[in-house]
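Please take a moment to look over the sequence and the model shown here, and then read on for a guided walk through them.

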Amino acid sequence: MNGTRHGTTEELLALRDGEGGAWAKAHVGSCAVCAAELYRLEQVRARLRALPTFSPPRDRWAVVAERARVERRSGWWSRGVGLVAAASLAGLLLVAVQGTRPDPLQAQVRLRSAMARSEAMEQALRGLDPDGRALDGTAAGVVADLQGRLEALDAKLGDPAEWRAAPHRQAEMWNERAGLLSALVDVHTTRVAYVGL
Amino acid sequence: MADTIPLAEAHSLVARARAGDSGALEHLYRAYEGSVYTLARRLTRTPEDAEDVLQETFLEICRSLSRWRGEGSLWGWVRQIAASKALMRYRREKLRATEVLDDDLAERAGDDVPLRLDLEAALRRLPERTRTVVWLHDVEGMTHEEIAEQMGMTTSFSKSQLARAHQKLRGWLGEEGADR
């Protein structure tokens, strides 16, 4: 036997896992007892890995899918409510800054019109229940891209620093928003027609 | 446990699932439900707990798909979430006090314990925290550093728990060496 003691379980486990120290390696090479224990530890691990797997007694996918859908929908509606608030705030802020504009009435009309378009598109989209429908891979990719752009635009609309210096930019962003929502409506409408729902 | 979804396919599936493709999400669920449930059964006390962990794990996956960076295996990420959910349940139920009792019972492996247990029964007899370390390390292949991080403990604690577990298993499996 090399040394005056046997390796501890912790030392032998480290050796089994390829991390053992020099002493343990040398010791196991010359100690039959520790070599046998190392082999036993390897066998226990192999037997643990060979234990049977389990199968869920019930299919939980429907529950998971439904709960995920509800969570996604609540996220969507929250964003919608946030935008209504943002629109109100935008109107108030326009009143605050319009005195500095050369043609405040025209700017206000443009802004109101863009916001109305956006709201109409949002209602149309809501009517299609976009979160309640499964999409194929291609459509899902398009929707994800549009929603990503929508979220980025919403972040800018919610930050007056983005448009306070150029209020006409605010109307442009609301028009852009209406366009993105219109594209989303198109995607969902096409999909609804395609699957015949 | 090997990943059942190749990395390239995992990237594509996750991208589709992130975009709301429910078919991709279901594919992920079907690919991993057995592995997650088995892990949960090994880490929790009852089949009902394991079912809850399975459900909570996949809901968390739905919420967190954007956090998978695609650098490691998808199963590694799913497994981390599943282990975390099982450990949260363990902490929530405040099993520490009960576990002391388990430890005491396990130490008194005399009158009320058969002379030799099979591996399945011996594993079940380990205290929950110790069994978790054994399973995550020896079966799932997690490092002591990963286990320590997951369980909020030190690596030396993880190593000592593993050694202690193997000493107990040796006794319960009737493999006690006469000269050790």
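The meeting of the two chains is a good place to begin, where 41 residues from chain A and 44 residues from chain B take part in the contact. What is shown is a predicted model, and every value in this account should be read with that in mind. The area buried between chain A and chain B is about 4,000 Å², and carbon and sulfur atoms give 58% of that area. On the side of chain A, the three residues A:Leu48, A:Phe54 and A:Trp61 supply 20% of the area that chain A buries against chain B, which is more than any other three residues supply.

Charged and polar pairs also link the two chains. Between chain A and chain B there are 7 salt bridges, and one pair that forms a salt bridge is A:Glu37 with B:Arg170, whose closest N and O atoms are 2.8 Å apart. As for polar contacts, 15 residue pairs between chain A and chain B are joined in this way, with both residues at pLDDT 80 or more. The side of chain A that touches chain B receives two or more residues from each of helix H1 (9–16), helix H3 (32–49), helix H4 (61–97) and helix H6 (137–157) of chain A. Which of these elements gives the most to that side of chain A? H3(A) does, with 10 residues. Sorted by class, the side of chain A that touches chain B holds 20 nonpolar, 7 polar and 14 charged residues.

Helix H1 of chain A deserves a closer look. In H1(A), the residues A:Thr9, A:Leu12, A:Leu13, A:Leu15 and A:Arg16 are buried. These residues cover an arc of only 155° around the axis, and they therefore lie on the same side of H1(A). The cover over the buried residues of H1(A) comes from both chains, since it includes helix H2 (22–30) and H3 of chain A together with helix H7 (128–139) and helix H9 (155–172) of chain B. After H1(A) comes A:Gly18, whose phi is positive, near 80°.

From this helix one can step back to chain A as a whole. Chain A has 7 helices and 0 strands, and along its sequence the pattern reads α-α-α-α-α-α-α. Chain A has 197 residues, of which 38% count as buried. Among the contacts in chain A between residues at least 6 apart in sequence, 70% join residues that are at least 24 apart.

The salt bridges come next, this time those within chain B. Over all chains, the count comes to 25 salt bridges. One of them is formed by B:Asp52 with B:Arg89, where the closest N and O atoms are 3.6 Å apart. Because B:Asp52 lies in helix H3 (residues 47–64) of chain B and B:Arg89 in helix H4 (residues 74–92) of chain B, this pair ties together parts that are 37 residues apart in sequence. B:Asp52 is partly exposed, with a relative accessible area of 28%, whereas B:Arg89, at 8% relative accessibility, counts as buried.

Another residue of chain B, B:Glu60, takes part in two such pairings, with B:Arg67 and with B:Lys85. In the salt bridge between B:Arg67 and B:Glu60, the closest N and O atoms are 3.9 Å apart. B:Arg67 is exposed, with a relative accessible area of 57%, while B:Glu60 is buried, with a relative accessible area of 16%. The side chains of B:Glu60 and B:Lys85 meet in a salt bridge at 3.3 Å, N to O. Since B:Glu60 lies in helix H3 of chain B and B:Lys85 in helix H4 of chain B, this pair ties together parts that are 25 residues apart in sequence. B:Lys85 counts as buried, at 12% relative accessibility. Salt bridges that share partners also join A:Arg58, A:Arg60, B:Asp49, B:Glu51, B:Asp52, B:Glu56 and B:Arg89 into one network.

One further residue of chain B completes the walk. B:Gln150 is found in helix H8 (residues 144–151) of chain B, and is it buried or exposed? At 16% relative accessibility, B:Gln150 counts as buried. Leaving out residues up to four places away in sequence, B:Gln150 touches B:Gln80, B:Ala83, B:Ser84, B:Leu87, B:Arg91 and B:Met142.

Definitions and conventions:
Residues numbered from 1 in each chain as written. Chains lettered and ligands numbered in written order. Heavy atoms only, no water. Contact = heavy atoms within 4.5 Å. Buried area = accessible area lost by both parts, 1.4 Å probe. Salt bridge = Lys/Arg side-chain N within 4 Å of Asp/Glu carboxyl O. Polar contact = N/O pair within 3.5 Å; in protein donor to acceptor, adjacent residues only side chain to side chain. Helix = DSSP H or I, 4+ residues; strand = E, 2+ residues; numbered from the N terminus. Nonpolar A, V, L, I, M, F, W, Y, C, P; charged D, E, K, R; others polar. Buried < 20%, exposed > 50% of the residue type's maximum accessible area, 1.4 Å probe, protein only. Arc of directions from axis to C-beta.
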